[in-house]
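Please open the model in your viewer and keep the selection panel at hand. The tour below moves from stop to stop, saying at each one what to select and what is there.

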Amino acid sequence: MRVAFVLQNTYQIDFSYKGTKNMNAIRLTVTAAALAGALVSTAVEASPIVHDSIADFTTIQNVQGGATGNSAAVNTTVAAIRPDRVAIANMFDGNANTMYSMGFGGTLNLLIAPTTNTITSGSVIELTTGGVDHREAAQIYLGTDLGGWQLIGTVLNAAASGSASGIGSVINVANPFASLSFVTTANGQSSFVLTVTDGAFNTLRLVDASTPTGREQDGFDIAELRVTSVPEPATLALLGAGLLGLGFAARRRKAA
């Protein structure tokens with residue numbers, strides 16, 4: 001997302017003023033306007049930030065749910081997520097064969113850093129491919145400062161979508177903020193893409209919505225996750241307006 005600002009100085013400057021005092025005031029006002037425009041332009045043109053490590057988030061809140069079903073190897077009931085699937089770091093290790101399992105009914109909230117940035121896009125790779133009876137799904141939300149949640153839709157792996165060929169799917173809800181789409185990665189895993197079209201959100205939320213049927217299951221499995229953000233337009237506009245206001249106030253004091 002690229003945002004451009006045009007700052008217009010609505011103050012009229014009378015160049016018929018004489019004397020150093022008035023001319024300094026005029027120069028100060030013009031300088032403040034130029035500085036404000038330069039700062040806004042520089043910040044808006046800054047490169048987007050890719051959040052793909054634990055350190056890229058101010059806060060990560062995770063509540064893992066439980067597991068259910070029978071082990072694929074032996075007929076024993078399981079009630080806990082495997083130890084190799086409980087680490088948050090598995091989502092950010094660059095290895096699509098490791099995972100963080102949300103567990104049935106689990107939640108995951110991620111607040112980006114800096115929190116003044118706005119999320120523009122995101123992606124989630126779900127580990128389970130087609131052909132297995134692991135019906136895994138997750139609801140995707142956007143929020144601000146770990147609250148104000150807006151449901152964007154639901155992502156479903158191949159089994160939850162009723163597909164035997166590894167094709168996942170998405171269910172978008174009617175909203176003006178964002179949409180979800182599905183693509184298949186090179187190794188056949190389900191990759192879901194979030195595209196934000198409006199709003200200033202700094203928090204991504206996932207809520208497990210899997211169906212506990214079939215063999216051993218532990219909810220939606222996240223192989224890799226990343227979020228992209230840019231400086232928030234509203235913050236930049238306020239910065240520019242504040243600098244313009246300071247320049248005009250200084251001009252009035254000197255002219256008095």
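Two strands are taken to pair if DSSP finds at least two bridges between them, and the strands themselves are DSSP runs (E, at least two residues), numbered from the N terminus. This is a predicted model, in which local features need pLDDT of at least 70 and side-chain atom pairs count only at pLDDT 80 or more, while totals for chains, interfaces and linings use all residues. Residues are numbered from 1 along each chain as its sequence is written, and side-chain values use heavy atoms, with hydrogens and water left out.

**The sheet and its edges**

Begin with leucine 156, whose bridge partner in β8 is serine 169. Then select the whole of strand β7, residues 147–156, which runs antiparallel to β8 and is joined to it by four bridges. Widening the selection brings in an open sheet of six strands in the order β2-β4-β11-β6-β7-β8, with antiparallel pairing. At its edges stand β2 (57–63) and β8 (169–172), and because each has a single partner strand, one side of each is left without a neighbour in the sheet. From one strand to the next the twist averages 20°, with axes taken as lines fitted to C-alpha atoms and angles running from 0 to 180 degrees between N-to-C directions.

**Strand β11 and its two partners**

Select β11 (203–208) next. On one side it pairs with β4 in the antiparallel sense over five bridges, and with β6 it pairs, again antiparallel, over six bridges. Arginine 205 is a good residue to centre on: in β11 it is the bridge partner of asparagine 109, and tyrosine 141 also stands opposite it. The charged end of arginine 205 sits over the ring of tyrosine 141, 5.9 Å from the ring centre; for this description, NZ of Lys or CZ of Arg must be within 6 Å of the ring centre and within 35 degrees of the ring normal.

Five of the six residues of β11 are buried, so the strand is largely enclosed by the rest of the structure; buried means under 20% relative accessible area, exposed over 50%, and partly exposed in between (1.4 Å probe, protein chains only).

**The nonpolar core**

Which residues have the most contacts inside the largest nonpolar core? Select Leu142, Leu204, Leu206, Ile222 and Leu225, which hold that place in a core of 29 residues. A nonpolar core is a set of buried Ala, Val, Leu, Ile, Met, Phe, Trp, Tyr and Cys residues joined through side-chain atoms within 4.5 Å. Among the elements that give two or more residues to this core are β5 (117–126), β6 (137–144) and β12 (221–231). Now show the surroundings of leucine 206, which, not counting residues up to four places away in sequence, touches residues including Met102, Leu108, Val124, Ile140 and Ile222, where contact means heavy atoms within 4.5 Å.

**Aromatic pairs**

Rings of Phe, Tyr and Trp (its six-membered ring) pair if their centres lie within 6.5 Å, with planes under 30 degrees apart counting as stacked, over 60 as edge-to-face and the rest as tilted. By this rule the count comes to four aromatic pairs. Select phenylalanine 57 and phenylalanine 92, whose ring centres are 5.8 Å apart with planes at 35°, so the pair is tilted. These residues link distant parts of the chain, 35 residues apart, with phenylalanine 57 in strand β2 and phenylalanine 92 in the loop between β2 and β3. Phenylalanine 57 is buried at 7% relative accessibility, and phenylalanine 92 is buried at 13%.

Move on to phenylalanine 182 and phenylalanine 192, a pair that is tilted because the planes lie at 50°, with centres 5.5 Å apart. Adding Phe220 to Phe182 and Phe192 completes one aromatic cluster.

**Serine 101 and the loops**

Serine 101, in strand β3, is buried at 0% relative accessibility. Leaving aside its neighbours within four places in sequence, its contacts include Gln64, Arg85, Asp218 and Phe220.

Finish in the loops. Between β4 and β5 lies proline 114, joined to alanine 113 by a cis peptide bond with omega about 0°. In the loop between β6 and β7, select aspartate 145, which has a positive phi of about 55° although it is not a glycine. Leucine 146 is placed in the loop between β6 and β7; its phi is near 65°, and at 26% relative accessibility it counts as partly exposed.
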